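Dear colleague,

Please find the structure below, handed over for your consideration. A short account of what was found in it follows.

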Amino acid sequence: MSKLMRKFLLAVIAPLLIMGVLSFGLTAFLVNRFAEDERYSQLAREANIIEEALTENRPVPREIQGFITTNGVTERIGGRGRQVVDLPILEDLHQEDVIEVQGNRLLTYQVTNGGTVITTIREAPLASSALDGVYVAIGVAFLVTLLLAAGLAYYMGRQFIRPIIDLRAVAKQIGDGQKGVLLPDRPNDEVGELISAVDEMQEQLVQKEALQKSFIAGITHDLRTPLAIIRNETEALAAGVISVEELPEVTDSIIEETDRLGLLIDETLVYSKLAGGMMPLDRTEVQLDRLVQETVERLQSTFQKDGLRLTVVTEPVQRFLDRRMFERVLVNFLMNAHVAAPSGSEVRVRLMSNELTVDDAGSGVAEADRATIWDLYIKQAGGSGHGLGLAISRLILDSHGLTYGVRDSELGGACFYVRFKE
């Protein structure tokens, strides 16, 4: 029997057992109380019969047993007639009382007729064999009910737990790396929702594995290309086949490829730290309009060199965020626009109180791709980056709790935007 089944049976049977014991005790108490009331009524009737017999000077019926105390002398009546007995226990009793005689619990009833005290006595109900059958019947009924409940709980528990046990086996197979594992049937309850969640997890694992392979392949390619260039040109320098006139061009190429390697390594490390929560945000009050203006001025020459007009429109905006991280997002948006925009076109940056936008006149982003371009190592069509920029931007913006996305631009291309909370 599984641990979950034992817990389920315990959860079902324990309350039933407690309820049964309490019910049995309460029933026994009420039955005994009712029987005691009936017994006292019987004792009162017998005492009245004895009193009437004494008053009318006639014999007491033999089936009635009691005691008569006159002038300190106690006689037992009934059965074999009157017999003098010494029972000091009968003194100072209430009209209805309980006494213990040789370990037996007895009920008494007393009435006084002149100087004579009449006491009738009977065995207490709980000590009476007449109630044993009642208690046995109650106990048997309780035991049968408990067994039926346990059997029904075991059957229902197996129906309830079987999908969970099957799901455990499925989870182990998924954990071992198996793909396309068949999931158990989904009942229309929370267990079915759990199975659906595991199914969704399995799909996400497959997608993440494919994305991881794509990422590794992309990183490997982007590392191999500049390394091959650097190696070839370094070997050419070592072999002395490059003329003095070509030397500046070759060294510039080596420096450029080295910078590409450094940028790729930097972006990979930043993404790893952000994704692992190892790069906490340093939030301060930032004058966003000044940050946007400074960033645009710093990149202005890069855009002009490629025949692009970089324009900026800002309003005074102040927000609580990490300046360095947010600047990285803005630079990424601008450099993506720089790659996408055709020569001679405009790239426009606009900062309003509730939104920052970067528009370009390129080919835009297809509707179907607007959700996936933020994923790791997904490059835009025609892009020359490593596919890490937007993934890093997503982590930064998510950590700030900001809304972001891409839509069609008024300039005909893409409009990347970030919305601020009021």
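**Findings: the sheet, its helices and a surface patch**

Strands β10 and β11 pair in the antiparallel sense, and four bridges link them. Please bear in mind that this is a predicted model. The connection from β10 to β11 is a hairpin of three residues. Within this pair, R348 stands opposite D359 of β11. As for the surroundings of β10, five of its six residues are buried, so this strand is largely enclosed by the rest of the structure.

These two strands belong to an open sheet of five strands, whose order is β8-β10-β11-β13-β12 and whose pairing is mixed. The edges are formed by β8 (309–314) and β12 (403–408), each of which pairs on one side only. On average, and with direction ignored, neighbouring strands of this sheet are turned by 15° against each other.

As general background, the strands of a sheet pair through backbone hydrogen bonds, in either a parallel or an antiparallel sense. Both senses can be followed here at the two edges. At one edge, β8 pairs with β10 in the parallel sense over six bridges; T314 has L351 of β10 as its bridge partner. At the other edge, β12 pairs with strand β13 (residues 414–419) in the antiparallel sense, over six bridges. There, the bridge partner of G405 is Y417 in β13.

Two helices lie across strands of the sheet. Helix α5, which comprises residues 288–305, lies across β8, β10 (346–351) and β11 (355–359), and its direction is at about 175° to β8. Helix α6, which comprises residues 323–340, lies across β8, β10, β11 and β13, running at about 25° to β11. Strands β8, β10 and β11 are thus named for helix α5 and also for helix α6.

A further finding concerns the surface. V136, V140, V144 and L148 make a nonpolar surface patch of about 370 Å². One of these residues, V140, lies in helix α2, which spans residues 132–175. Is V140 buried, exposed or partly exposed? Its relative accessibility is 45%, and V140 therefore counts as partly exposed, since that class lies between the limits of 20% for buried and 50% for exposed.

When you open the structure, I would suggest beginning with the hairpin between β10 and β11, then following the sheet outwards to its edge strands, β8 and β12, and turning last to the patch that includes V140.

With kind regards

Terms used
Residues numbered from 1 in each chain as written. Predicted model: local features only at pLDDT ≥ 70, side-chain atom pairs only at ≥ 80, totals over all residues. Heavy atoms only, no water. Patch = residues over 30% accessible without salt bridge, like charges linked within 9 Å, V, L, I, M, F, W, Y side chains within 5 Å. Areas by Shrake-Rupley, 256 points an atom, 1.4 Å probe, with all protein chains shown as cover. Salt bridge = Lys/Arg side-chain N within 4 Å of Asp/Glu carboxyl O. Buried < 20%, exposed > 50% of the residue type's maximum accessible area, 1.4 Å probe, protein only. Pairing = 2+ DSSP bridges. Axes fitted to C-alpha atoms, helices over the stretch in contact; angles between N-to-C directions. Contact = heavy atoms within 4.5 Å.
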